[in-house]
Amino acid sequence: MINTIFTVSGITYEPKQLNISKSMSEFGASSNFTAIFDNPFGRHSADFKIANEVRVLADKDTNPPTTLLFRGILETRTFEGEGNTQEVTLIGRDYTARLMDVTVEPVVYTNSEVSTIVKNIINNEVPEITTTNVNVTTTTLARISFNHISVYEALTQFA
């Protein structure tokens, strides 16, 4: 049996249906989710807000699950039905979406170490994403510039 924990902003909910899909291409990988809840008489009308963090943990035969399967942002909330037959559908994408949706403002770096540039881009363009695991490298770039490319694309250039 697969045990699952679905949380929105740290609060656990039990969806009636949950789908997580992963998309991979030459441009990168991203995941999205769709969760459907019974919502009789609007029970969840104030529970879910756009931009809330969503986390899904799942494990086979382990309860409670500890493997993080998905972490992302709630982007769409739709209510359907009436009275005791109402449902709410939540749709969102992982944090890669934030990196793809935001562009780097025009900037030039000269004689800068790579981790310094990465941290600067993240802190300036997507401050809700941390740079905790960005490590100092031995690579210093003589010059690199960015002009309204996605943060994801800019970071890919360093990879």
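Me: What does the secondary structure of the chain come to, and in which order do the elements run?
Reply: In this predicted model, the secondary structure of the chain comes to 3 helices and 9 strands. Read from the N terminus on, the order of the elements is β-β-β-β-β-β-β-α-β-α-β-α.

Me: How do you know whether T131 is buried or exposed?
Reply: The relative accessible area of T131 is 16%, and buried means under 20%, so T131 counts as buried. This residue sits in the loop between α2 and β9, where, leaving aside neighbours within four places in sequence, T131 is in contact with K119, I122 and N123.

Me: What makes the buried residues of α3 lie on the same side of the helix?
Reply: The buried residues of α3 are V151, Y152 and A154. Around the axis they cover an arc of only 160 degrees, which puts them on the same side of α3. As a general background, an α-helix has 3.6 residues a turn, so residues three or four places apart point the same way.

Me: Which residues touch the most other members of the largest nonpolar core, and which elements supply at least two residues each?
Reply: This core has 17 residues, of which L99, I121, I122, V126, F146 and V151 touch the most other members. At least two residues each come from α2 (114-125), β9 (140-146) and α3 (151-158), and α2 gives the most, with 5 residues. As for V151, not counting residues up to four places away in sequence, V151 touches L99, V102, T103, V104, I121, I122, E125 and V126. A second, separate core has 13 residues, including F6, A35, V56 and L90.

Me: Which residues form one aromatic cluster, and what makes two rings a pair?
Reply: The cluster is formed by F6, Y13, F33, F37, F48 and F70. Rings pair if their centres lie within 6.5 Å, and by that criterion the structure holds 8 aromatic pairs.

Me: How does the radius of gyration of the chain stand against that of a compact globule of 159 residues?
Reply: A compact globule of 159 residues would have a radius of gyration near 15 Å, but the chain has 19 Å, and the C-alpha trace spans about 65 × 35 × 25 Å along its principal axes. Of the 159 residues, 36% count as buried, while the chain exposes about 9,600 Å², with carbon and sulfur atoms supplying 49% of it.

Notes. Residues are numbered from 1 along each chain as its sequence is written. This is a predicted model: local features need pLDDT of at least 70, side-chain atom pairs count only at pLDDT 80 or more; totals for chains, interfaces and linings use all residues. Side-chain values use heavy atoms; hydrogens and water are left out. Rings of Phe, Tyr and Trp (its six-membered ring) pair if their centres lie within 6.5 Å; planes under 30 degrees apart count as stacked, over 60 as edge-to-face and the rest as tilted. A nonpolar core is a set of buried Ala, Val, Leu, Ile, Met, Phe, Trp, Tyr and Cys residues joined through side-chain atoms within 4.5 Å. Buried means under 20% relative accessible area, exposed over 50%, partly exposed in between (1.4 Å probe, protein chains only). Helices (H or I, at least four residues) and strands (E, at least two) are DSSP runs, numbered from the N terminus. Contact means heavy atoms within 4.5 Å. The arc is that of the directions from the helix axis to the C-beta atoms. The radius of gyration is taken over C-alpha atoms; the globule rule is 2.2 Å times the number of residues to the power 0.38. Accessible areas come from the Shrake-Rupley method with a 1.4 Å probe; for residues, only the protein chains shown count as cover.
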